[in-house]
Amino acid sequence: MAVLKSLLRSRGSTTCSSLTYIRRTLSTASETDLKLSSSLNHMSLPLRKDPKGRIVQWVFLGCPGVGKGTYASRLSSLLGVPHIATGDLVREELSSSGPLAPKLAEIVNQGKLVSDEIIINLLSKRLEAGEAKGESGFILDGFPRTIRQAEILEGVTDIDLVVNLKLREDVLLAKCIGRRICSDCGGNYNVACIDIKGENGSPGMYMAPLLPPPHCASKLITRSDDTEEVVKERLRIYNEMSQPVEEFYRSRGKLLEFNLPGGIPESWPKLLQALNLDDHEVKQSAAA
Ligand SMILES: [Zn+2]
């Protein structure tokens, strides 16, 4: 815990390593990188701090299906910082008539990964818009996904903490296969009921299903890519891609590994504990 506390240190001001960044980017940066740089530099003042005086410029990592979005979103409302999910940015751009929409539609329809350039461009636009509204701090979800993205981010702003959410692979698989969508209203549900008995000293795990209301129950469909085979492949690709990014932050002493002990009711209080936060304190600080 002492390591974590020193990791979650308080700081008075931002210390962007701008010089190193500029030196490196003079030779390699694209226009979008520099745009992100300027946007993030502006963005870092004034800094949003949590009740412990820590700067909240956090990143959430975790494989698909782990519930990363849920925890990132809960924490962002608790701490009053924006939850910025690059997946949402891509979806918003797609449904808009923005300049990148046609190109994005083509990439997504072909099932390809959206490039670093496009993601950085979207993130940069999002941060600028937030800055204009007086936002500060952030919890990033789905970014950085690659070492290159992590390096760009590091060059322009201090990431204070990277939370890596983990869940047992068998449970993750069951949760992904249990996903259902209501074909009528689009509601998301999960029919998987995880109930693993603890054995040989290892703890059990219970995760309740998220069952649909009666009017949705007969209209549930499964996404065609939520089969065991596809989910396993998705996890394999995720692990392969994310390991270097995890290592990047681990080597900088910024990675907090958090093994989810179950569903939200079990995990949320433990996550707050691991972050050295508690609900009560955060609410008091928000009211002050
Ligand atoms: Zn429905």
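What percentage of the contacts in the chain with a separation of 6 or more is accounted for by residues 24 or more positions apart? In this predicted model, such residues account for 72% of those contacts.

## Overall composition

The chain has 288 residues, of which 43% count as buried. Its secondary structure comprises 13 helices and 10 strands. Two of the sheets formed by these strands are described below, one with parallel pairing and one with antiparallel pairing.

## The parallel sheet

An open sheet of 5 strands runs in the order 2-3-1-4-10, with parallel pairing. Its edges are strand 2 (83–85) and strand 10; each has a single partner strand, so one side of each lacks a neighbour in the sheet. From one strand to the next, the twist averages 20 degrees.

Strand 4 lies between strand 1 and strand 10 in the strand order. On one side, strand 4 pairs with strand 1 (residues 57–62) in the parallel sense, over 5 bridges. Within strand 4, Leu-165 stands opposite Gly-62. Strand 4 is also joined by 5 bridges to strand 10 (residues 255–259), again running parallel. In that pairing, Lys-166 is opposite Asn-259 of strand 10. Strand 4 itself spans residues 161–166, and 5 of its 6 residues are buried, so the strand is largely enclosed by the rest of the structure.

## The nonpolar core

The largest nonpolar core contains 63 residues. The residues with the most contacts inside this core are Trp-58, Leu-75, Leu-165, Tyr-249, Leu-271 and Leu-275.

Leu-165 links the description of the core to that of the sheet: it is listed among the core residues with the most contacts, and it stands in strand 4 opposite Gly-62. Leaving aside residues up to four places away in sequence, Leu-165 touches Phe-60, Leu-61, Gly-62, Cys-63, Val-66, Lys-68, Tyr-71, Phe-258, Leu-260 and Leu-271. Leu-271, one of these contacts, is likewise among the core residues with the most contacts.

## The antiparallel sheet and the zinc site

A second open sheet has 3 strands in the order 6-5-9, with antiparallel pairing. Strand 6 (188–190) and strand 9 (220–221) stand at its edges; each has a single partner strand, so one side of each is without a neighbour in the sheet. Strand 5 (residues 179–182) and strand 9 run antiparallel and are joined by 2 bridges. Cys-182 stands opposite Leu-220 in strand 9.

Cys-182 also contributes to metal binding: the protein donors of the zinc ion are the SG atoms of Cys-182, Cys-185 and Cys-216, at 2.2 to 2.3 Å from the ion. The sequence spacing of these donor residues is C-x2-C-x30-C. With a relative accessible area of 2%, Cys-182 is buried.

## Cysteines and disulfides

Searching the whole structure yields 0 disulfides. Cys-176 illustrates the reason for one residue. The cysteine sulfur closest to that of Cys-176 belongs to Cys-63 and is 7.2 Å away, which is too far for a bond, given that a disulfide requires two cysteine sulfur atoms within 2.5 Å. Cys-176 is buried, at 1% relative accessibility. Cys-63 appears in addition among the residues that Leu-165 touches.

Definitions and conventions:
Residues are numbered from 1 along each chain as its sequence is written. This is a predicted model: local features need pLDDT of at least 70, side-chain atom pairs count only at pLDDT 80 or more; totals for chains, interfaces and linings use all residues. Side-chain values use heavy atoms; hydrogens and water are left out. Buried means under 20% relative accessible area, exposed over 50%, partly exposed in between (1.4 Å probe, protein chains only). A nonpolar core is a set of buried Ala, Val, Leu, Ile, Met, Phe, Trp, Tyr and Cys residues joined through side-chain atoms within 4.5 Å. Contact means heavy atoms within 4.5 Å. Donors are N, O and S atoms within 2.8 Å of the metal (3.2 Å for Na, K and Ca); water is not among the atoms, so sites may look incomplete. Helices (H or I, at least four residues) and strands (E, at least two) are DSSP runs, numbered from the N terminus. Two strands pair if DSSP finds at least two bridges between them. Axes are lines fitted to C-alpha atoms, for helices over the stretch in contact, and angles run from 0 to 180 degrees between N-to-C directions.
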